[in-house]
Amino acid sequence: MNTSYGWLGRMNYRVDDSTCAVESLLQTHPGVERALAVWEGDSTDRRLVAYVVPAGSGLPVDDAQLGEHLAAAPHSPDAVIEVAELPQDEHGAVDWAALPVYAVATDLLALWRREFTETEVTLHDEFFELGGYSLLAVRLIALIRERYGVDLALADFFDLPTVLDVAGHLVARGARATAPAPLEPAAPNLDELLDEIGRLSEEDVLALLGPDAREEAAQPTTGPSHPPAASAAHRASSRGASRPDPATTSTDTTNRVWTIELTSTELEQIETLLRQLLTAHPTIEDDGFLEDVVLYAQEMPRTVRRRANEFRLHEPAGACLFTGFPVDDERIGDTPARWGGQPEGAGATRREDAFLLMCASLLGDPIGWATQQHGRLIHDVIPIAGHEFEQINSSTSAPLWWHTEDAFHPFRAEYVGLMCLRNPDAVETTFAAFDDLRLSPETRATLFEPRYVIRPDESHLPKNRDGDSGLHAPEELRQRSFAGIERMASAPEKVPVLFGDPDQPYGRLDPYFMDRVDGDPVATAAFDALTAEIDDKLTGVVLHPGDVLFIDNYKAVHGRKPFTARFDGRDRWLRRTNVSRDLRKSRGTRISAGSRVIF
């Protein structure tokens, strides 16, 4: 018997008559372009392995046909492993030692091609040059762990940029290709994959991806000191006054954003749904649209729905960001100069509004207020001349102090959705979650007691009801709604500012519209401790066109940094909606069970 020996790293190999017979038989198979066979292992654990390069189409070779084809071999292979190409040394000969690496690389190549569908990935293409990003790297890490039992770090994608580099690293740690290595692998275990992603914050990922990525994403920013809880007289005297510059930079890592990064395939499916939905409904404000948008939302890609449901159900973060949706800046037109400055429900932002409401419907039911922006479900967040120093979303020169949206109201939304249409000055939306508050048990207990007063913010007040609301509702109901706001402003009930789980509490507070409890020094000290904690945790997120940010209105507060408006049609423009998880609790204030407007 003719025999030759060598080593594959620490693994020796042998070539003899059996391997030559297997090679000869495989070379005659119409689906095989090239073949090599080798004995791998040592005397106590050896196996005959055949490596084949598929012919022409690159389709995997049929196992049953191969079995019949190799029936005449003196020793059938223990494994037949497909490789994209055979490795060569500097002289053009087969590099036997690299065969296991190329086998694993071919297996990995199928995973890469599954993710990068718009280009023909080779063994030598670099991950980030292909358009790879942080969460895609996390998905591949989970798949590699499941397939080979080897853990990779995100930083490895810098040191091991190509498929071949990753394969070499895996083989060095004991990984081996299985037989056969499918060119279209089965879908990964999504539960494990989502658990893996969920254990990481976007900050953790960005720290590994370097400064360039951090510059393009949400950055921790300076947190402004909270405004003192003020009486109505104090607010009136201080309105328009200058505020001190922020002095404390937040380094807290608990303000995580639960990110849903849309892929090109997911976007294509979503665009199809939007076209169908908008073809069926000329305006987003009619009841038929609101019923259908829920159904269309449930037809969004399962990966998107799963991530949104994880955020809704498990509350892993104080905010959820949908990112990657494109916005045509020219098509949407100028930033309106006033609320309702575009045709209601049928304007240039119908497509964007529909996407916002589809995302919102994954978390609950969009709602509107009869006392705010004419009861619309979607509000404009825009600079308005004359509002520069108001505590309202149309202000600019004054910071919009952090707050719970509609904190005064018992039927306030669980989520506040903000879709960015335009943000040329990179104005930051600020937020802070109530997680991991450093408060003593005594302070927590005080904050859980009904010792605090919250009044309606300025957006609900009579001075901001401009013109006919256009709401089709009994006059008695409208008047009752306005009277309710006035009653809450003049004689508010005392409420706790924290509630729910004492260790991971929910909150409701709006310091700018809260009276100081001067007759209750214990409550005052507890509130000051809470606001100091939130100040320390406050961070900023710069929203880009197409981004949709949902603030969990029970788990976090939000605000906005000041900026200088130009009032030239190019200023910052967001579209906002409120989302309720339980419409029934407000049934007595709505016209019908299916109505979304609270009176």
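**Exercise 1. Classify Asp536 as buried, partly exposed or exposed, and place the residue in its surroundings.**

In this predicted model, Asp536 has a relative accessible area of 25%. Since buried means under 20% and exposed means over 50%, with partly exposed in between, Asp536 is partly exposed. The residue lies in helix H17, and its C-alpha atom is separated by 8.8 Å from that of Ala432, although the two residues are 104 apart along the chain.

**Exercise 2. Describe the four-stranded sheet, beginning with the order of its strands, and then state how helix H17 is placed against the sheet.**

The four strands form an open sheet in the order S12-S21-S14-S19, with antiparallel pairing. Strand S12 (400-403) and strand S19 (539-542) are the edge strands, each of them pairing on one side only. Averaged over the sheet and with direction ignored, neighbouring strands are turned by 25° against each other. Taking one pair in detail, S12 and strand S21 (residues 556-560) are joined in the antiparallel sense over two bridges, and Leu400 stands opposite Arg560 in S21. Helix H17 (residues 521-537) packs on this sheet, where it touches S12, strand S14 (428-433), S19 and S21, and the direction of the helix makes about 130° with that of S14.

**Exercise 3. Check whether the length of helix H3 agrees with its number of residues, and say how far the helix is covered.**

Helix H3 (residues 99-115) has 17 residues, and the expected span is 1.5 Å times one less than the number of residues. This gives 24 Å, and because the end C-alpha atoms are 25 Å apart, the two values agree. As for its surroundings, H3 is mostly covered, with 14 of its 17 residues buried.

**Exercise 4. Determine how the buried residues of helix H6 are arranged around its axis, what covers them, and what lies at either end of the helix.**

The buried residues of H6 are Val163, Leu164, Val166, Ala167, Leu170 and Val171. Because they cover an arc of only 160° around the axis, they are on the same side of H6. Among the elements that cover these residues are H3 and helix H4 (134-148).

Ahead of the helix, Thr162 lies in the loop between helix H5 (156-159) and helix H6 (163-172). Thr162 counts as buried because its relative accessibility is 10%, and its side chain makes a polar contact of 2.9 Å with the side chain of Asp165. Leaving aside neighbours within four places in sequence, Thr162 is in contact with Leu123, His124, Asp125 and Glu126. At the other end, H6 is followed by Gly174, whose phi is positive, near 100°.

Note on methods
Residues are numbered from 1 along each chain as its sequence is written. This is a predicted model: local features need pLDDT of at least 70, side-chain atom pairs count only at pLDDT 80 or more; totals for chains, interfaces and linings use all residues. Side-chain values use heavy atoms; hydrogens and water are left out. Buried means under 20% relative accessible area, exposed over 50%, partly exposed in between (1.4 Å probe, protein chains only). A polar contact is a pair of N or O atoms within 3.5 Å; within protein, one must be able to donate a hydrogen and the other to accept it, and residues adjacent in sequence count only if both atoms are side-chain atoms. Contact means heavy atoms within 4.5 Å. Two strands pair if DSSP finds at least two bridges between them. Axes are lines fitted to C-alpha atoms, for helices over the stretch in contact, and angles run from 0 to 180 degrees between N-to-C directions. The arc is that of the directions from the helix axis to the C-beta atoms.
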